[in-house]
Amino acid sequence: MARTISYREAVNEALRQEMERDPSVIVMGEDNAGGAGSPGEDDAWGGVLGVTKGLYEQFPGRVLDTPISESAFVGAAVGAATRGLRPVAELMFIDFMGVCFDQIFNQAAKFRYMFGGKAVTPVVVRTMYGAGLNAAAQHSQCLYPVFTHIPGLKVVLPSSPYEAKGLLIQAIRDNDPVIFCEHKALYDMTGEVPEDSYTIPFGEANVVRDGDDVTIVALGRMVSVAEEAAAELARQGVQAEIIDPRTTSPLDSDTILESVENTGRLVVVDEATPRCSMATDISALVAQEAFGALRAPIEMVTAPHTPVPFAQTLEQLYIPDAQKVANAVKKTMDWKK
Amino acid sequence: MTDPVSTEDAITKVTMPKWGLSMKSGKITAWFVAEGDEVAEGDDLADIDTDKITGALESAGAGLVRRIIAETNEDVPVGGTIALIAPADVPEELIDEAARAAREELDSGAVDEVAGPVLGTVQVDGRTLSYATLGAAEETVLLVHGYGGDKNSWLFVQEPLSARATVHAIDLPGHGDSTKDVGDGSLDTLAGALLGFLEQQGIERVHLVGHSLGGAVVTAAAAREPGRIASLTLVAPAGYGDTINADYLRGFASASSRRELKPHLLHLFADSGQVTRQLADDLMKFKRLDGVQQALDRLLGTLLDGDRPGIDAAALLQKFAGPVTVVWGRADQVLPAANATALGGRAQVTYVDHAGHMVHMEQPSAVVDAVTGALDG
């Protein structure tokens with residue numbers, strides 16, 4: 001049955017259940033097995049934020065510690081996937097993608113296409129993203145648009161514990177490379193999650209809230225920010241529909257377009273920097289496919305085009321909040337030609 | 001002169017009910033009574049909106065509505081006092097005092113947690129069966145849901161019945177929190193699960209209540225062990241009559257997204273407003289559990305023979321001589337109420353207005369009354 005667990009526990013449970021179900025699933029990454037066996041440590045640290053804790057004990061030999069060499073271990077995971085394993089590699093922070101990007105975009109993403117559909121690469125790269133933990137410019141970015149840009153990759157942004165578990169199980173069972181992006185600030189978020197295994201298909205947006213006045217498309221952590229804004233807007237008589245795309249590749253454009261056809265207004269909320277982002281991508285989609293339905297210019301609520309500041313006050317200012325979302329919605333509501 | 005102790009006892013607190021395991025609070029969307037109104041047992045007091053569904057709260061007793069405590073649209077925790085009912089001779093001061101205490105309790109949020117149904121599991125034929133129990137009275141009632149449903153579908157029925165009986169609601173194999181493997185998916189397998197539950201629980205005599213597929217399952221169980229079954233209450237049961245909405249069943253089974261599912265769900269209710277996003281969401285979450293799709297497909301083969309019903313429960317009923325009561329929504333679009341004629345003179349049939357296939361959700365009092373009648377013998 002469904003019980004309330006955290007986002008961190010939901011990710012852990014998905015890994016555990018898939019490792020129980022399928023012996024070809026392995027977990028690898030920096031400090032995933034770290035600490036285990038050393039004096040005073042019975043269990044592994046479970047990665048830098050403890051997400052894989054407990055798996056080392058339960059699955060001997062299937063939770064691998066790797067050197068601090070993303071290029072090597074992501075490459076190893078990709079290679080192992082082509083040879084029949086289903087590796088889940090933990091790229092500690094998405095900010096480190098630069099040192100292993102060739103293995104992902106030029107190798108994993110291309111095999112199926114270049115080998116005429118005969119090669120499958122069922123690898124999952126779990127990675128942590130996002131600001132809010134005061135971790136400075138090299139550990140706080142939202143780089144998922146870069147992965148979304150690459151054909152051949154599937155890119156997943158779970159916004160809640162329920163989404164985290166179902167999307168990760170789907171990612172592990174999927175035969176294509178999947179970049180699974182976990183927001184660091186969501187790990188302690190709790191929610192109802194079924195005990196049984198389940199999957200959420202890729203490319204199906206979730207309508208988080210129904211509304212007829214404005215469509216808010218929000219990604220990852222921004223879904224709960226949008227909900228907070230929508231609750232305040234409802235008190236002022238504005239009913240916002242919130243759409244969580246859940247995966248940026250594939251993207252469920254139908255659900256977004258149908259909603260905008262109904263509301264006539266679009267606000268996209270994205271924690272990533274604004275240039276070449278999901279915010280611009282979704283805005284372009286709607287401008288192209290639903291222009292006739294629009295009753296106001298599209299609004300984007302994003303981070304500014306700067307690195308993530310270290311100073312806490314500036315970091316808080318950097319991240320889109322409910323007030324900024326509500327302001328953007330009001331702008332679309334008040335707009336006159 | 002009145003005894004102050006007994007007059008305080010004469011004040012009945014109407015509290016926010018717990019409809020379903022996950023309900024923490026509810027919102028009163030409309031009051032049907034005002035202060036000073038006389039109410040009888042079973043009168044509708046208010047419409048209450050949970051995060052799952054809207055239902056009417058019925059009065060558990062008779063008296064005068066002395067105070068309305070919770071306002072329309074106020075979120076009230078389960079167990080919070082929303083109104084006071086008392087005879088006219090209870091003095092105003094006592095009512096004021098009770099109202100003040102109730103209001104303070106709501107404002108402080110310090111409402112005692114209400115004990116909801118107790119969850120349990122049993123092992124039958126290698127499967128785990130999940131159930132929820134409410135009430136502790138001597139007689140036992142077992143509620144059995146329909147195709148694609150679960151024990152929570154009895155949320156409006158289990159609570160009122162729990163005053164009269166120990167009421168179990170079970171998840172059939174393939175459903176709810178029970179093991180998803182349904183074996184051959186036959187009626188016999190499902191009935192075996194029910195009888196196994198009774199055996200494990202040491203229940204020697206039980207009133208069975210079944211909705212839709214569950215109606216056929218309880219009939220099959222009664223045919224196998226008639227001595228154990230005190231009565232049958234069949235709510236829009238499958239297996240009677242020759243009409244079944246095969247398109248609905250296939251559509252429900254094959255829908256792979258909320259968008260595909262929602263139009264099919266409209267066939268379940270007389271009032272389409274009952275098909276909330278939450279209902280569709282919860283059903284999709286169920287359908288996405290590992291093993292559920294296979295279970296639903298297998299059971300579809302039991303329910304259907306081409307476009308016709310695949311179950312003949314009427315034949316099985318001949319093996320059971322005990323009392324049978326039938327409740328059917330007049331607006332049922334899945335198993336039309338005309339199917340009830342197949343029961344001939346064998347059962348007392350109640351046709352319910354403003355109710356579709358989910359009569360126990362839309363007009364729960366009709367089902368509660370039928371089961372209460374069975375308990376009264």
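The following exchange walks through two sheets of chain A and the contact between chain A and chain B in a predicted model.

Trainee: Which strands are the edge strands of the open sheet of five strands in chain A?

Mentor: The five strands of this open sheet follow the order E9-E11-E10-E13-E14 in chain A, and their pairing is mixed. An edge strand here is one that pairs on one side only, and the two that do so are strand E9 (206-209) and strand E14 (299-302) of chain A.

Trainee: Within that sheet, which residue of E11(A) is the bridge partner of A:Thr215?

Mentor: Strand E10 (residues 214-218) of chain A runs parallel to strand E11 (residues 240-244) of chain A, and four bridges join the two. Looking in E11(A) for the partner of A:Thr215, one arrives at A:Glu241.

Trainee: Which helix lies across E10, E13 and E14 of chain A?

Mentor: Two helices can be considered here, and one of them, helix H8 (residues 222-235) of chain A, lies across E9, E10, E11 and strand E13 (266-270), running at about 170° to E11(A). The other runs at about 160° to E13(A) and lies across the strands you name, E10, E13 and E14 of chain A; this is helix H10 (residues 278-289).

Trainee: In the open sheet of seven strands, what angle does helix H3 of chain A make with the direction of E4(A)?

Mentor: That sheet has the order E3-E2-E4-E5-E7-E6-E12 in chain A, with mixed pairing. Strand E4 (residues 86-93) pairs with strand E5 (residues 124-129) of chain A in the parallel sense over five bridges, and A:Leu91 stands opposite A:Thr127 in E5(A). Helix H3 (residues 70-82) of chain A packs on the sheet, where it touches strand E2 (25-29) and E4, and its direction makes with that of E4(A) an angle of about 160°.

Trainee: How many salt bridges are counted between chain A and chain B?

Mentor: The contact draws 23 residues from chain A and 13 residues from chain B, and the area buried between the chains is about 1400 Å², of which carbon and sulfur atoms give 39%. One salt bridge joins B:Arg277 to A:Asp210, with the closest N and O atoms 2.8 Å apart. The count between chain A and chain B is five.

Trainee: Which element gives the most residues to the side of chain A that touches chain B?

Mentor: The elements giving two or more residues to this side are helix H7 (161-173), strand E8 (190-194), E9 and helix H9 (253-263) of chain A. The residues of this side divide into eight nonpolar, four polar and eleven charged. With four residues, the element that gives the most is E9(A).

Notes:
Residues are numbered from 1 along each chain as its sequence is written. Chains are lettered from A and ligands numbered from 1 in the order in which they are written. This is a predicted model: local features need pLDDT of at least 70, side-chain atom pairs count only at pLDDT 80 or more; totals for chains, interfaces and linings use all residues. Side-chain values use heavy atoms; hydrogens and water are left out. Two strands pair if DSSP finds at least two bridges between them. Contact means heavy atoms within 4.5 Å. Axes are lines fitted to C-alpha atoms, for helices over the stretch in contact, and angles run from 0 to 180 degrees between N-to-C directions. Buried area is the accessible area (1.4 Å probe) that two parts lose on being put together, summed over both. A salt bridge is a side-chain nitrogen of Lys or Arg within 4 Å of a carboxyl oxygen of Asp or Glu. Ala, Val, Leu, Ile, Met, Phe, Trp, Tyr, Cys and Pro count as nonpolar, Asp, Glu, Lys and Arg as charged, and the others, Gly among them, as polar.
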